[in-house]
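Here's a quick tour of one chain, from the overall fold down to a couple of residues. Have a look first, then read on.

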Amino acid sequence: MLRHEFQPGKLIAGIFVTIAGITYIGDAGDAWETPWFAVIPLLVFGLTLAGAVALLTGAIRRRRKTRRTPMPPAGSPEAVAPSGPPEIPN
């Protein structure tokens, strides 16, 4: 299996959507009674939190990436064209 970078925003979104699904399954199976409007705030909060975490994670990764890669001199061939394949964003 290919390794990929950890994406905490997607993890948080998945957790909250799973909780919403479990809530509806429990209501449908008569395990408990859930009001019809109870899941909407849960999903909105979870997706907002996931978006904030994803923005923070992206900002941290961009900052670390710019710190690690040294800038080539202005006249060098690496400054004009990169030597490796282009990076494809996720």
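Reading along the sequence, you get the pattern α-α-α. That is 3 helices and 0 strands, taken as DSSP runs numbered from the N terminus (H or I, at least four residues, for helices; E, at least two, for strands). Bear in mind that this is a predicted model, where local features need pLDDT of at least 70, side-chain atom pairs count only at pLDDT 80 or more, and totals for chains, interfaces and linings use all residues. Residues are numbered from 1 along each chain as its sequence is written, and side-chain values use heavy atoms, with hydrogens and water left out.

On the surface side, the chain exposes about 7,900 Å², with 70% of that supplied by carbon and sulfur atoms (Shrake-Rupley, 1.4 Å probe; for residues, only the protein chains shown count as cover). Of the 90 residues, 16% are buried.

Two residues are worth setting side by side. The classes are buried (under 20% relative accessible area), exposed (over 50%) and partly exposed in between, with a 1.4 Å probe and protein chains only.

| Residue | Place | Relative accessible area |
|---|---|---|
| Ile 19 | helix H1 (residues 8–28) | 36%, partly exposed |
| Thr 34 | loop between H1 and helix H2 (39–68) | 12%, buried |

What does Thr 34 touch, leaving aside its neighbours within four places in sequence? Thr 34 is in contact with Thr 23 and Asp 27, contact being heavy atoms within 4.5 Å.
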